[in-house]
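The following exercises are each followed by a worked solution. Please study the sequence and the structure before reading on.

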Amino acid sequence: MKKKALVAYFSASGTTRRAAKALAAAIGADVHEIVPAQPYSAADLDWNNRGSRSSAEMNDPAARPEIAGKVRGMDGYEVVFVGFPIWWYVAPRIVETFLESYDFSGKTVVPFATSGGSGMGGTEAVLKKCCSAQTAWLPGKMLNGRQSDKVLRTWVEGLGL
Ligand SMILES: Cc1cc2nc3c(=O)[nH]c(=O)nc-3n(C[C@H](O)[C@H](O)[C@H](O)COP(=O)(O)O)c2cc1C
C-alpha cells in the first residue's frame with residue numbers, strides 16, 4: 001500500500017489484536033493499541049450480568065471510557081484502520097472515545113471487527129458520526145478467523161488504497 005497507514009485496535013481478550021497484527025503485517029502499516037485507562041476485568045466483560053461494566057457502558061450511548069496514551073504522529077497517517085470486538089452488535093464505546101479524540105479530516109478511516117458471529121450491524125453509521133464530515137469512511141470488514149496475507153491485501157486493494 002502506497003499511503004501511510006495505521007492499524008489502531010481495541011482488544012479485550014486478544015482476538016482483535018491478532019487480526020490487527022495480521023492486517024498491519026500484510027499491508028505494511030504501523031500498529032497502535034487503544035488501551036483503556038482502566039483495564040477490563042473478566043467481571044467487567046460479563047455480558048450475562050446486566051450490571052457489569054460492559055453492560056452499563058453499552059446501555060449508555062453517551063459512555064466514553066477513558067483511553068490511556070495517544071497515537072504518536074497521527075498527523076502523518078493518511079489511512080487509519082480501526083479494529084474492535086463486536087459488543088452487543090456494535091463497537092465498544094471506547095472506540096467512540098478514540099474516534100472523537102482526533103481530527104480525521106482529510107484521512108480515510110476503515111473499520112474492521114471480530115465477533116462470535118455477529119456482523120458490523122449498525123455500528124458503522126454510529127462510528128461515522130464521531131468523525132468530521134471531511135473524513136472519508138470506507139466500508140468495514142469482519143476479520144474472524146485466520147486471514148491470509150493475500151486475502152487481507154486483496155481486500156485493501158479492492159478499497160482502492
Ligand atoms: C461484552 C461483550 C459483548 C459481546 N457481544 C457480542 C455480540 O453482540 N455478537 C457477537 O457475535 N459476539 C459478541 N461478543 C464476542 C466478541 O465480539 C468476540 O469474542 C471478539 O472476537 C472478542 O475480541 P477481543 O478478544 O479482541 O476482545 C461479545 C463479547 C463481550 C465481552
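**Exercise 1: Polar contacts of the ligand**

An oxygen atom of the ligand lies 2.8 Å from a polar backbone atom of alanine 12, a polar contact being a pair of N or O atoms within 3.5 Å. The model is predicted: local features need pLDDT of at least 70, side-chain atom pairs count only at pLDDT 80 or more, and totals for chains, interfaces and linings use all residues. Residues are numbered from 1 along each chain as its sequence is written, and side-chain values use heavy atoms, with hydrogens and water left out.

Task: state which atoms of threonine 16 and glycine 116 face an oxygen atom of the ligand.

Solution. Step 1: in threonine 16, a side-chain N or O atom is 2.7 Å from a ligand oxygen. Step 2: in glycine 116, a backbone N or O atom is 2.9 Å from a ligand oxygen. Step 3: the ligand alone exposes 650 Å², of which the protein buries 85% (Shrake-Rupley method, 1.4 Å probe).

**Exercise 2: The shell**

Task: determine how the residues around the ligand divide into nonpolar, polar and charged.

Solution. Step 1: the ligand has 19 residues around it (a heavy atom within 4 Å). Step 2: eight are nonpolar, 11 are polar and none is charged, with Gly counted as polar.

**Exercise 3: Two cysteines**

Task: explain why cysteine 131 forms no bond with cysteine 130.

Solution. Step 1: a disulfide requires two cysteine sulfur atoms within 2.5 Å. Step 2: the sulfur of cysteine 131 is 6.3 Å from its closest cysteine sulfur, in cysteine 130, and is therefore too far for a bond. Step 3: the count is zero disulfides.

How values were computed: Polar contact = N/O pair within 3.5 Å; in protein donor to acceptor, adjacent residues only side chain to side chain.
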